[in-house]
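Student: Could you take me closely through one annotated part of this chain, and then set that part against the rest of the fold? I would like a careful reading, with the unusual backbone positions and the cysteines included.

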Amino acid sequence: MRLTRSQSRQRNRDALIDAALVEMAERGYQQARLDDIAERAELTTGAVYSIFGSKRNLLLAVVARYADELDGLLAELSDPRLSLSEVLTGCADAFHLVATASDARRRVAFELELAGLMLRDPTVLSLTTTSRLAALFVDRSFTGGEVTAEQAEQLAPALGALLGGLVRRAVLEPGTVDQEYFRRSALALTCLLRT
């Protein structure tokens with residue numbers, strides 16, 4: 001079946017994002033070359049410029065895709081009937097799934113590269129998951145009442161850092177942390193909400 005122009009463009013866009021993730025994870029953002037990314041995607045460098053306009057825009061597309069994938073894993077947690085404990089457990093499960101995926105090493109390498117870029121570029125920082133996590137926590141019931149927006153803003157970076165660290169440990173030292181450890185660790189953060 002012949003692809004439409006927009007389908008072909010989307011396929012090329014996806015291939016370039018996949019290739020960029022691999023190249024940037026292996027070589028770092030600064031060392032990743034558009035020629036190599038295009039070659040890995042079986043496209044031309046011109047396709048990169050045509051679709052993204054620049055290497056930086058390609059990076060932002062990779063980060064957005066990564067965030068969207070995590071959002072997909074967290075989507076069911078937006079159900080307002082869930083308690084804070086259920087949302088925290090669901091977040092732990094999602095991060096554990098990331099840690100045990102076949103491409104986990106590549107993703108951890110990319111995230112480590114991304115950390116340096118976030119220090120230099122606030123646009124990259126704005127695409128990260130902290131604000132997405134905070135939105136999941138607001139108005140959730142817990143032993144002390146309901147999570148306020150302020151409490152959610154305090155809890156989100158702690159959870160992101162904790163679970164991100166556990167993902168790295170699970171990848172770098174397989175077998176040292178299991179799903180239950182992810183869950184218990186996430187639930188322990190409820191102590192931050194005590195007034």
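Tutor: The part to begin with is residues 10–70, which an unreviewed UniProt entry annotates as "domain: HTH tetR-type". In this predicted model, that span is 79% helix and 0% strand, and its end C-alpha atoms lie 20 Å apart. Within those limits the record also lists residues 33–52, again in an unreviewed entry, as "DNA-binding region"; over residues 33–52 the chain is 70% helix and 0% strand, with end C-alpha atoms 14 Å apart.

The loop between helix H2 (34–40) and helix H3 (45–51) holds Glu-42, whose phi is near 60°, a positive value in a residue that is not glycine. Most residues other than glycine have a negative phi. Glu-42 is also exposed, because its relative accessible area of 73% is over the 50% cut-off. Elsewhere, Asp-139 likewise has a positive phi, of about 70°, without being a glycine, and Asp-139 too is found in a loop, the one between helix H8 (130–137) and strand S1 (141–142).

As for side chains in the annotated domain, Lys-55 lies over the face of Tyr-29, at 4.7 Å from the ring centre. Aromatic rings do not pair with one another here, since a search of the whole structure finds zero aromatic pairs.

Set against the rest, the protein chain comprises ten helices and two strands, and along the sequence these follow the pattern α-α-α-α-α-α-α-α-β-β-α-α. The C-alpha trace spans about 55 × 40 × 35 Å along its principal axes, and buried residues make up 42% of the 195 residues. Of the contacts with a separation of 6 or more, 68% are accounted for by residues 24 or more positions apart.

Helix H6 (residues 104–120) is worth a check of its geometry: at 1.5 Å a residue its 17 residues should span 24 Å, and the end C-alpha atoms are 25 Å apart, so the two values agree. The buried residues of H6 are Ala-104, Arg-107, Val-108, Phe-110, Leu-114 and Leu-117. An α-helix has 3.6 residues a turn, so residues three or four places apart point the same way. That spacing can be followed in H6 through Ala-104, Arg-107, Phe-110, Leu-114 and Leu-117, which are among its buried residues.

In helix H10 (residues 179–188) one can look at Ser-185, which counts as buried because its relative accessible area of 14% is under the 20% cut-off. Leaving aside residues up to four places away in sequence, Ser-185 touches Leu-162 and Leu-166.

That leaves the cysteines, for which the count comes to zero disulfides. Cys-91 is in no disulfide, the nearest cysteine sulfur being that of Cys-191, 16 Å away, whereas a disulfide would require the two sulfur atoms to be within 2.5 Å. Read from the other side, Cys-191 is in no disulfide either, with the sulfur of Cys-91 as its nearest, 16 Å away. Their surroundings can be described separately: Cys-91 counts as buried, because its relative accessibility is 0%, while Cys-191, at 40% relative accessibility, counts as partly exposed.

How values were computed. Residues numbered from 1 in each chain as written. Predicted model: local features only at pLDDT ≥ 70, side-chain atom pairs only at ≥ 80, totals over all residues. Heavy atoms only, no water. UniProt positions renumbered as here; feature names shortened; annotations may be inferred. Helix = DSSP H or I, 4+ residues; strand = E, 2+ residues; numbered from the N terminus. Expected span 1.5 Å × (residues − 1). Buried < 20%, exposed > 50% of the residue type's maximum accessible area, 1.4 Å probe, protein only. Phe/Tyr/Trp six-rings, centres within 6.5 Å; stacked < 30°, edge-to-face > 60°. Lys NZ or Arg CZ within 6 Å of the ring centre and 35° of its normal. Contact = heavy atoms within 4.5 Å.
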